[in-house]
Amino acid sequence: MSSPVHTGNAPHDMRGDAVPGRSVLDTGLVVRIRQARVEDSATIGLFQTLAWEQTYRGIVPDSFLDARSAGSAAERWAERIDTGSRLVFVAESFDGRVLGVASTSRSADVPAGLPHLELVSLYVDREAHGAGVASSLLTAALAEDDAHLLVFSCNERARRFYAKHGFERRGDQQVDPGTGLHEERWVRQLTVPIHPSR
């Protein structure tokens, strides 16, 4: 999924009884979600690079994927975490393996009608699909806030996921300049806008 986790600084520790040698899917284990630190940047950069390979190889141009590197991605994530331009969270299995990453940004300068909070990224390891990792990350990232995101039109799984969680498509498709793929703006508005009296 392209486009993402949000709580306070305390991690969400939602684990069952760990069973050594078994995966999160075998045990039904719910992962721990915590806010990312700068020292997580290399792991997050590698995870994002692999997630793009898993999801978009054969969909986006090979030249785009081949030009991506975990090293440069790690540098970008380090800057985002260090400056606070993004709030970044990771989902981990009981043995510390990263299963998902999400990030949000908040801006006062948004087009009219859009919430200030944007879900910028949400990546989940393919092996953890269907295990509730994405839902846990989304809940941590957004809480009960209104939010918007961009999702590739071809990513049916992501579009179904966001619809399930209260997002609706808004506006026309646009073209992502990096990949050339069509993408859509999706918005979740849980609060009723307050309009000044006329």
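A salt bridge is counted here where a side-chain nitrogen of Lys or Arg lies within 4 Å of a carboxyl oxygen of Asp or Glu; by this rule, the predicted model has a count of 13 salt bridges.

**Exercise 1.** Determine which partners Arg159 has in salt bridges, and where these partners lie along the chain.

*Solution.* Begin with helix α6, where the side chains of Glu156 and Arg159 meet in a salt bridge with N to O at 3.0 Å; because these two residues are 3 apart in the helix, about one helical turn separates them. Next, turn to strand β8 (residues 182-188), which holds Glu184, 25 residues apart from Arg159; the side chains of Arg159 and Glu184 meet in a salt bridge at 3.1 Å, N to O. Finally, consider exposure: Arg159 and Glu184 are both buried, while Glu156, at 41% relative accessibility, is partly exposed.

**Exercise 2.** Decide whether Arg97 and Glu127 are buried, partly exposed or exposed, and locate the salt bridge that they form.

*Solution.* The closest N and O atoms of Arg97 and Glu127 are 4.0 Å apart. The pair links distant parts of the chain, with Arg97 in the loop between β3 and β4 and Glu127 in the loop between β5 and α5. Since exposed requires over 50% relative accessible area, Glu127 at 53% is exposed, whereas Arg97 at 34% is partly exposed.

**Exercise 3.** Describe the lining of the second largest pocket by helix and by residue class.

*Solution.* This pocket has a volume of about 240 Å³, and among the residues closest to its centre are Gly130 and Arg157. Helices α5 and α6 each supply at least two lining residues, with α6 giving the most, 4 residues. By class, the lining comprises 7 nonpolar, 4 polar and 3 charged residues.

Conventions: Residues are numbered from 1 along each chain as its sequence is written. This is a predicted model: local features need pLDDT of at least 70, side-chain atom pairs count only at pLDDT 80 or more; totals for chains, interfaces and linings use all residues. Side-chain values use heavy atoms; hydrogens and water are left out. On a 1 Å grid over the protein atoms alone, a cavity is a set of points where a 1.4 Å probe fits but cannot get out, and a pocket is an open set with protein on both sides within 12 Å along at least five of seven lines; lining residues have an atom within 4 Å of a point. Grid points are joined across faces, edges and corners, and a volume is the space filled by probe spheres set on the points. Ala, Val, Leu, Ile, Met, Phe, Trp, Tyr, Cys and Pro count as nonpolar, Asp, Glu, Lys and Arg as charged, and the others, Gly among them, as polar. Buried means under 20% relative accessible area, exposed over 50%, partly exposed in between (1.4 Å probe, protein chains only).
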